Amino acid sequence: MRAQSSATAPTSIAVNVPGRTGTTGTLLAALGVTAFSLTFPATAWGLEGFGPWALVAVRSVLAALIAGVCLLALRIPVPDRRHWTGLAVVAAGVVVGFPLLTTLALQTSTTAHAAVVVGLLPLTTALLSALRMGTRPSRTFWTAALAGAAAVVAFTVQQSGGALTTADLYLFAALLVCAAGYTEGGRLARIMPGWQVIGWALVLCLPLSVPAAALALSYEPVQLTAHSVAGLLWVAAGSQFLGLVVWYRGMAAIGIPKASQLQLAQPLLTLVWSVLLLGEHLTVAAPLTAAAVLVCIAVTQRARG
């Protein structure tokens with residue numbers, strides 16, 4: 001495949017009518033959040049039959065195969081060399097770092113607890129975006145974002161009794177690497193379609209993920225069940241590829257800070273899935289946190305960035 005010319009015209013993401021772009025971008029970002037909200041329950045299902053290292057490596061290989069087939073079928077040119085550093089950041093944060101760290105955390109943490117800790121991701125992403133891209137959201141935006149993060153933190157502390165665990169450390173590290181991947185991916189999605197951003201990032205990881213999958217499968221026991229297979233397929237196709245495709249397109253359309261605040265709803269959606277799919281029990285604090293978070297989302301979406 002030939003290298004992509006630096007003179008390539010901007011994609012439709014950058015030239016749509018502002019009003020339509022905003023509505024479509026918000027919808028796409030919301031679809032991404034919905035896909036991501038199923039990641040932890042699906043991971044818990046996957047861990048019923050796979051070891052943590054095997055689950056992460058195999059999901060990366062499967063997602064890369066899907067992405068590679070799409071790239072080849074559509075004859076997408078290889079990105080310019082100047083974009084590969086950014087794609088490597090996306091790969092390290094979104095393809096490897098976040099899935100691995102959260103999977104390790106879910107060995108000892110419930111999905112509900114992990115979901116509320118990762119609820120800090122929107123604020124982390126907005127902060128890294130401001131540092132990386134020089135964005136300057138309004139004071140109202142930051143006030144609402146901090147309020148939403150505070151609600152998530154309060155919920156987390158109430159659930160854990162104020163004590164941090166090893167799983168929490170994994171989750172906090174996952175926040176940083178994922179926010180870096182989101183920020184860089186959102187920047188690249190202004191240059192190339194979002195699905196190509198995650199597609200090339202997944203393909204970039206293949207030389208690492210294929211031998212890692214083979215090694216992990218040889219050392220960790222595998223028990224194929226309906227849950228484990230369904231969980232693996234969802235985290236590979238839904239979370240690792242399709243969810244990120246619409247997520248990056250949404251970020252490119254409405255901006256990283258505003259898109260990131262939609263993720264304040266993600267832990268609450270995950271709580272619902274944890275009850276429906278895993279049989280976990282919610283506390284009284286959950287609906288109160290939901291109300292606070294939804295108000296914060298409304299404010300951040302109306303605030304000018």
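At 2% relative accessibility, Thr270 falls under the 20% cut-off and therefore counts as buried in this predicted model. Thr270 is part of helix 12. Leaving out residues up to four places away in sequence, Thr270 touches Ser37, Phe40, Pro41, Thr111 and Ala115. Other residues of helix 12 are buried as well, among them Gln266, Pro267, Leu268, Leu271 and Ser274.

Helix 12 consists of 13 residues. From its first C-alpha to its last, helix 12 reaches 17 Å, close to the 18 Å expected at 1.5 Å a residue. Just after helix 12 comes Gly279, which takes a positive phi of about 75°.

Two of the residues touched by Thr270, Phe40 and Pro41, also appear in the contact between helix 2 and helix 12. The axes of helix 2 (residues 39–46) and helix 12 (residues 266–278) come within 8 Å and cross at roughly 35°. On the side of helix 2, the contact is formed by Phe40, Pro41, Ala44 and Trp45. These meet Thr270, Trp273, Ser274, Leu277 and Leu278 in helix 12. Sorted by class, the contact of helix 2 with helix 12 has seven nonpolar residues, two polar residues and no charged ones.

The overall architecture was examined next. The protein contains 13 helices and zero strands, and its pattern along the sequence reads α-α-α-α-α-α-α-α-α-α-α-α-α. The radius of gyration is 19 Å, close to the 19 Å that the globule rule gives for 305 residues, so the protein is as compact as a globular protein of that length. Taken along the principal axes, the C-alpha atoms fill a box of roughly 55 × 55 × 30 Å. Of the 305 residues, 53% are buried. The accessible surface comes to about 13400 Å², and carbon and sulfur atoms account for 69% of that area. Among contacts between residues at least 6 apart in sequence, 92% join residues at least 24 apart.

One pairing between residues distant in sequence involves Gly32 and Gly243. The two glycines are 211 residues apart in sequence, while their C-alpha atoms are 4.6 Å apart in space. Gly32 lies in helix 1 (residues 18–37), and Gly243 lies in helix 10 (residues 226–254). Gly32 has a relative accessible area of 0% and is therefore buried. Gly243 is likewise buried, with a relative accessible area of 2%. Neighbours within four places in sequence aside, Gly32 is in contact with Gly243, Val246 and Trp247. With residues up to four places away again not counted, Gly243 touches Gly32, Ala35, Phe36 and Gly238. Gly22 provides a further separation: it lies 221 residues from Gly243 along the chain, and the C-alpha atoms of Gly22 and Gly243 are separated by 19 Å.

A further buried position was found in helix 4 (residues 84–105), which includes Thr103. Thr103 counts as buried because its relative accessibility is 0%. Residues up to four places away in sequence not being counted, Thr103 touches Thr43, Leu47, Pro52, Leu55 and Val56. Thr43 falls within the residue range of helix 2, 39–46.

Conventions: Residues are numbered from 1 along each chain as its sequence is written. This is a predicted model: local features need pLDDT of at least 70, side-chain atom pairs count only at pLDDT 80 or more; totals for chains, interfaces and linings use all residues. Side-chain values use heavy atoms; hydrogens and water are left out. Axes are lines fitted to C-alpha atoms, for helices over the stretch in contact, and angles run from 0 to 180 degrees between N-to-C directions. Helices (H or I, at least four residues) and strands (E, at least two) are DSSP runs, numbered from the N terminus. Contact means heavy atoms within 4.5 Å. Ala, Val, Leu, Ile, Met, Phe, Trp, Tyr, Cys and Pro count as nonpolar, Asp, Glu, Lys and Arg as charged, and the others, Gly among them, as polar. The expected span of a helix is 1.5 Å times one less than its number of residues. Buried means under 20% relative accessible area, exposed over 50%, partly exposed in between (1.4 Å probe, protein chains only). The radius of gyration is taken over C-alpha atoms; the globule rule is 2.2 Å times the number of residues to the power 0.38. Accessible areas come from the Shrake-Rupley method with a 1.4 Å probe; for residues, only the protein chains shown count as cover.
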